[in-house]
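Open the model in your viewer and keep the sequence panel visible. The stops below are meant to be selected one after another.

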Amino acid sequence: TGDEILSFGQPPREGAVYDSNRYTVRALLSRLGCEVIDLGVVRDDPALLETAFRTAASQADAIITSGGVSVGEADFTKAMMRKLGDVAFWRIAMRPGRPMAVGRIRAERSGARPAVLFGLPGNPVAVMVTFLAFVRPALLRMMGCPDAAQPMLRARSQEAMRKKPGRTEFQRGIVSTAPDGSLQVRTTGNQGSGVLSSMVLANGLVVLHHAQGDVAPGDEVDVMMFDGVV
């Protein structure tokens, strides 16, 4: 969603960004075997967003949006969720991905179940992290998978990582085998939520848990691996 979204092939303009989330989310869904219905870019117009939500709820079991769930003047997704269904929760104590909303959109056809809506943030890394942490396990449960949690590995950190207790953080990491045969991990560098290359270079997410503090070199950390997922 958003007036600032450019499709590939369109000329650049000030204040606009090229669409990358469509392709990363489609790829992640394809790995799960989902049938994807692409409704395109919805501009910052509540009427257009309402039409898109109604159309999506009539066709799909789950709806995934990107952007429009923060607190800007043109962020209409959460308000439209309330109008057409409900908001189960909004804002998560995590980084990246804090402005995320989950709820339901009522289907208009009689007897149909509401569609689950995942309102993901707009930044490319935040979209992928929230998908892996929330959307993927939820979709697997909807498919009947009894244990949808992604397994984690333990690895020794090769560097210090700053972390404040009170939120879960996901650092993009590169896991490798140390000379002694154990697993070790280092970050990909700049961890900004708009740095898509940090996901491209990584082979897993270092999960720094809610109550966890700073990590020193040599400390063990949990890593959610990408193999078979991304």
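The tour goes from a loop residue to the strands beside it and then to a surface patch.

This is a predicted model, in which local features need pLDDT of at least 70 and side-chain atom pairs count only at pLDDT 80 or more, while totals for chains, interfaces and linings use all residues. Residues are numbered from 1 along each chain as its sequence is written, and side-chain values use heavy atoms, with hydrogens and water left out.

Select Asp219. Asp219 sits in the loop between strand S11 (204-208) and strand S12 (220-225); strands are DSSP runs of E, at least two residues, numbered from the N terminus. Is Asp219 buried or exposed? Asp219 has a relative accessible area of 32%, so it is partly exposed (buried is under 20%, exposed over 50%, partly exposed in between, with a 1.4 Å probe and protein chains only).

Now show its surroundings. Beyond the neighbours within four places in sequence, Asp219 is in contact (heavy atoms within 4.5 Å) with Ala155, Arg156, Ser157 and Asp214. A polar atom of the Asp219 side chain lies 2.9 Å from the backbone nitrogen of Ala216.

Next, select strand S8 (residues 152-157). S8 and S12 pair in the antiparallel sense over five bridges; pairing requires at least two bridges found by DSSP. Ala155 stands opposite Val221 in S12. S8 also runs parallel to strand S10 (residues 183-187), joined by two bridges, and Arg156 has Gln184 in S10 as its bridge partner.

Last, select Phe8, in the loop between strand S1 (5-6) and strand S2 (17-18). Phe8 counts as exposed because its relative accessibility is 55%.

Notes
Helix = DSSP H or I, 4+ residues; strand = E, 2+ residues; numbered from the N terminus. Polar contact = N/O pair within 3.5 Å; in protein donor to acceptor, adjacent residues only side chain to side chain.
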